[in-house]
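Biologist: Could you take me through this model? I would like to ask about whatever catches my eye.

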Amino acid sequence: MTVSDTSITGRRLVVELDRIIERRGEPLSIDSDNSGEMTSPVVLQWTMETGINWHYIAPGKSTQPAFIESINSKLRDQCLNDCLFGSLADAIEKIEAWRIG
């Protein structure tokens, strides 16, 4: 499941996390950077309500979550650098096609 948009707010993030949890079950914890949507009051409230541990990586240490950095690198190299997107809908379609392979 991918979520492609021009930006994602904290509120949208928790909606998408709830959808993922519905399909895959609840994680023990989530690692993320310290960006605005990740540290928003909506996300902080969600973590208290769900009891899911949210771990923020150290500032300036973008390689700490190595798994997601590996996925991001592959997405950039194999899809984003090779495609031109005419619209958001076009980007969503091409990224999803790349994801399912």
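Modeller: Certainly, and please bear in mind that the model is predicted. I will begin with the outer side of one helix: the face of α2 turned away from its buried side carries the exposed residues Pro-41, Met-48 and Glu-49.

Biologist: And which residues of α2 are buried?

Modeller: Val-43, Trp-46 and Thr-47 are buried in α2. Viewed down the axis of α2, its buried residues fall within an arc of 100 degrees, so they line one face of the helix.

Biologist: What covers the buried residues of α2?

Modeller: The cover includes helix α1 together with β1 (29-32) and β2 (53-56).

Biologist: What happens just after α2?

Modeller: Gly-51 follows there, with a positive phi of about 80 degrees.

Biologist: And Ile-52, what does that residue touch?

Modeller: Setting aside residues up to four places away in sequence, Ile-52 touches Ile-21, Glu-26, Pro-27, Leu-28, Ser-29, Ile-30, Trp-46 and Thr-47. Ile-52 is also one of the residues of the largest nonpolar core.

Biologist: Which residues make up that largest nonpolar core?

Modeller: There are nine in all: Leu-13, Val-14, Leu-17, Ile-30, Met-38, Val-43, Trp-46, Ile-52 and Trp-54. Helices α1 (10-24) and α2 (41-50) each supply at least two residues of this core. The largest share, three residues, comes from α1.

Biologist: Let me step back. How many helices and strands does the chain have?

Modeller: The chain has four helices and two strands. Along the sequence they follow the pattern α-β-α-β-α-α.

Biologist: What about overall dimensions and burial?

Modeller: The C-alpha trace spans about 40 × 30 × 25 Å along its principal axes. Of the 101 residues in the chain, 22% are buried. The accessible surface comes to about 7200 Å², and carbon and sulfur atoms account for 54% of that area.

Biologist: What share of the contacts comes from residues 24 or more positions apart?

Modeller: Among contacts with a separation of 6 or more, such residues account for 48%.

Biologist: Switching to charges: how many salt bridges are there?

Modeller: The count comes to four salt bridges. In general, side chains of opposite charge can pair when their charged atoms come close.

Biologist: Start with Glu-16. Which residue does Glu-16 form a salt bridge with?

Modeller: Glu-16 pairs with Arg-12, and their closest N and O atoms are 2.8 Å apart. Both residues lie in helix α1, four residues apart, about one turn of the helix. A network of salt bridges links Arg-12, Glu-16 and Arg-19.

Biologist: Is Glu-16 buried or exposed?

Modeller: Glu-16 counts as buried, because its relative accessibility is 7%, and the cut-off for buried is under 20%. Its partner Arg-12 is partly exposed, with a relative accessible area of 27%.

Biologist: Which side chains meet in salt bridges within α4?

Modeller: Asp-90 and Lys-94 meet in one, at 3.1 Å from N to O. They both lie in helix α4 (residues 88-100), four residues apart, about one turn of the helix. Lys-94 is partly exposed, with a relative accessible area of 29%. Arg-99 forms another with Glu-96, where the closest N and O atoms are 2.6 Å apart. Arg-99 and Glu-96 are three residues apart in helix α4, about one turn of the helix. At 38% relative accessibility, Arg-99 counts as partly exposed, and Glu-96, at 25%, likewise counts as partly exposed.

Biologist: Where does Phe-85 lie?

Modeller: Phe-85 lies in the loop between α3 and α4. Leaving aside neighbours within four places in sequence, Phe-85 is in contact with Leu-80, Asp-90, Ala-91, Lys-94 and Ile-95. Two of these contacts, Asp-90 and Lys-94, are the salt-bridge partners mentioned above. Phe-85 is partly exposed, with a relative accessible area of 32%.

Biologist: How far is Phe-85 from Leu-75 in space?

Modeller: The two are 14 Å apart, C-alpha to C-alpha, and ten residues apart in sequence.

Biologist: One last topic: which residues form a nonpolar patch on the surface?

Modeller: Phe-67, Ile-68 and Ile-71 form one, with about 300 Å² of accessible area together. Phe-67 lies in helix α3 (residues 66-80).

Biologist: Why does Phe-67 count as exposed?

Modeller: Phe-67 counts as exposed because its relative accessibility is 68%, and the cut-off for exposed is over 50%.

Definitions and conventions:
Residues are numbered from 1 along each chain as its sequence is written. This is a predicted model: local features need pLDDT of at least 70, side-chain atom pairs count only at pLDDT 80 or more; totals for chains, interfaces and linings use all residues. Side-chain values use heavy atoms; hydrogens and water are left out. Patches are made of residues with over 30% relative accessible area and no salt bridge: like charges are joined within 9 Å, nonpolar side chains (Val, Leu, Ile, Met, Phe, Trp, Tyr) within 5 Å. Accessible areas come from the Shrake-Rupley method with a 1.4 Å probe; for residues, only the protein chains shown count as cover. A salt bridge is a side-chain nitrogen of Lys or Arg within 4 Å of a carboxyl oxygen of Asp or Glu. Buried means under 20% relative accessible area, exposed over 50%, partly exposed in between (1.4 Å probe, protein chains only). A nonpolar core is a set of buried Ala, Val, Leu, Ile, Met, Phe, Trp, Tyr and Cys residues joined through side-chain atoms within 4.5 Å. Contact means heavy atoms within 4.5 Å. The arc is that of the directions from the helix axis to the C-beta atoms.
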